[in-house]
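Okay everyone, grab a seat and pull the structure up on your screens. I'll talk you through a few spots, and you can follow along as I go.

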Amino acid sequence: MREQGQALRERAWADVLRPLFSSSALDRHVVLDDALMPDALERLRSDLLGSWAWNYRAQPGYVLCLAPPESPVLTAVADRLTEVLSTFHPGIEAMERWAFLHQRPFKEFVHTDIGSYVWTLWLTPERWDRSPETSGISFFPVSRPMGMPNRREHTLKYFEENPVPRGAYVPYRENRAFIFPASTFHSIGPCDFDASATDRMRCSVSVFLDDRNHWEAQRQLEQPTRESVTHEF
């Protein structure tokens, strides 16, 4: 059996993803509940929480950011996502993979990502979530203007000058994934998870997908995702 068949739960992808690619709504997204098969979810969680490769890109004790070097499950997921999305977006690839572990509560964080699309998966059981009304993700019906650097200070200035109503909200849930255009302004938090043990902290993983030319153009405009987003939590 292929590893990817044991990881990402299969669906009628053409139907599931059509709203993402056939709509022009600025806050469009697709939610994928029970995204991974149960055994794959547990293996991925073990790979991430047991890794010694976590490294600080923020204040110590705040958020740990990891580019998972050895996770067969995540590799299988990224490969399958590339295969599925290439039907709609020829030439798309999984450019980067990042995992995030929040060691303490954090305030709302509004931002965009680089790439064309982002697939994000939540891994922590929601029973450890003390902020269920705000711990999910909110999408704003606005995209980062072309040429605007993907930096916190630019985002704050943009929202000060252009008040934007909050759009769709997706509540937090374990093993819930979602795909959305990376340039969409979105926010997470405020979040408060039980941080008494590592496996109770809010943990997520994201795959950033794009075609090579577009990805390189965005990297030239701004520092890579690892520097422009993860250090600002």
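Find I137 to start with; across from I137, in β10, stands I188. Keep in mind that what you're looking at is a predicted model. Now look for another partner of I137: V170 in β8 also stands opposite I137. One step along, S138 has S187 of β10 opposite it.

Okay, so what do those strands add up to? Strand β7, residues 137-143, pairs with strand β10, residues 184-188, in the antiparallel sense, and four bridges hold that pairing. β7 also runs antiparallel to β8, and two bridges join them. Put in order, you get an open sheet of four strands, β5-β10-β7-β8, with antiparallel pairing. Which strands sit at the edges? Those are β5 (109-111) and β8 (169-170), and each of them pairs on one side only. A handy thing to remember while you look at any of this: in a regular strand, side chains alternate between the two faces of the sheet.

How enclosed is β7? Five of its seven residues are buried, so β7 is largely enclosed by the rest of the structure.

Now swing over to β11, residues 202-211. That strand is mostly covered, with nine of its ten residues buried. Strand β4, residues 92-102, pairs with β11 in the antiparallel sense, over ten bridges. If you want a place to look, R97 stands opposite V207 in β11. β6 also runs antiparallel to β11, with six bridges joining the two. There, L121 is opposite V205 in β11.

Next up, the rings. The structure holds nine aromatic pairs. One of them is F21 with Y117, a tilted pair with 5.0 Å from centre to centre and 50° between the planes. Why does this pair catch my eye? F21 is in helix α2 (residues 13-22) and Y117 is in strand β6 (residues 117-122), so the pair ties together parts that are 96 residues apart in sequence. And if you're wondering why I quoted two numbers for it, a pair of aromatic rings is described by the distance of the centres and the angle of the planes. How covered are the two partners? F21 is partly exposed, at 24% relative accessible area, while Y117 is buried, at 9%. There's also an aromatic cluster to colour in: W122, F139, Y172, F178, F180 and F193 form one together.

Let's talk about empty space. The largest pocket has a volume of about 320 Å³. It's lined by 17 residues, and the ones closest to its centre are R144, M146, S183, H214 and Q218. Which element gives the largest share of that lining? Helix α6, residues 212-221, supplies four residues. By type, the lining of the largest pocket is eight nonpolar, seven polar and two charged residues.

Then there are the cavities. A search of the whole structure turns up three of 30 Å³ or more. The second largest cavity holds about 50 Å³ of space. Among the residues lining that cavity are H102, R104, F106, C191, D192 and R202. Its lining divides into five nonpolar, two polar and three charged residues.

C191 leads nicely to the cysteines. How many disulfides does the structure hold? Zero. Why is C191 not in one? The closest cysteine sulfur to that of C191 belongs to C203, and at 13 Å that is too far for a bond. C65 tells a similar story: its sulfur is 11 Å from the closest cysteine sulfur, again in C203, which is too far for a bond. To put the cut-off in your head, a disulfide needs the two sulfur atoms within 2.5 Å. As for cover, C65 counts as buried at 0% relative accessibility, and C191 counts as buried too, at 3%.

Last stop, R80. You'll find R80 in helix α4, residues 72-85. Is R80 buried or exposed? At 13% relative accessibility, R80 counts as buried, because the cut-off for that is under 20%. From R80, trace across to A94: the two are 14 residues apart in sequence, and 9.7 Å apart in space, C-alpha to C-alpha.

That's my tour, so go ahead and spin the model around while we chat.

Notes
Residues numbered from 1 in each chain as written. Predicted model: local features only at pLDDT ≥ 70, side-chain atom pairs only at ≥ 80, totals over all residues. Heavy atoms only, no water. Phe/Tyr/Trp six-rings, centres within 6.5 Å; stacked < 30°, edge-to-face > 60°. Buried < 20%, exposed > 50% of the residue type's maximum accessible area, 1.4 Å probe, protein only. 1 Å grid on protein atoms, 1.4 Å probe; cavity = no way out; pocket = protein on both sides within 12 Å on 5 of 7 lines; lining within 4 Å. Points joined across faces, edges and corners; volume = space filled by probe spheres on them. Nonpolar A, V, L, I, M, F, W, Y, C, P; charged D, E, K, R; others polar. Pairing = 2+ DSSP bridges.
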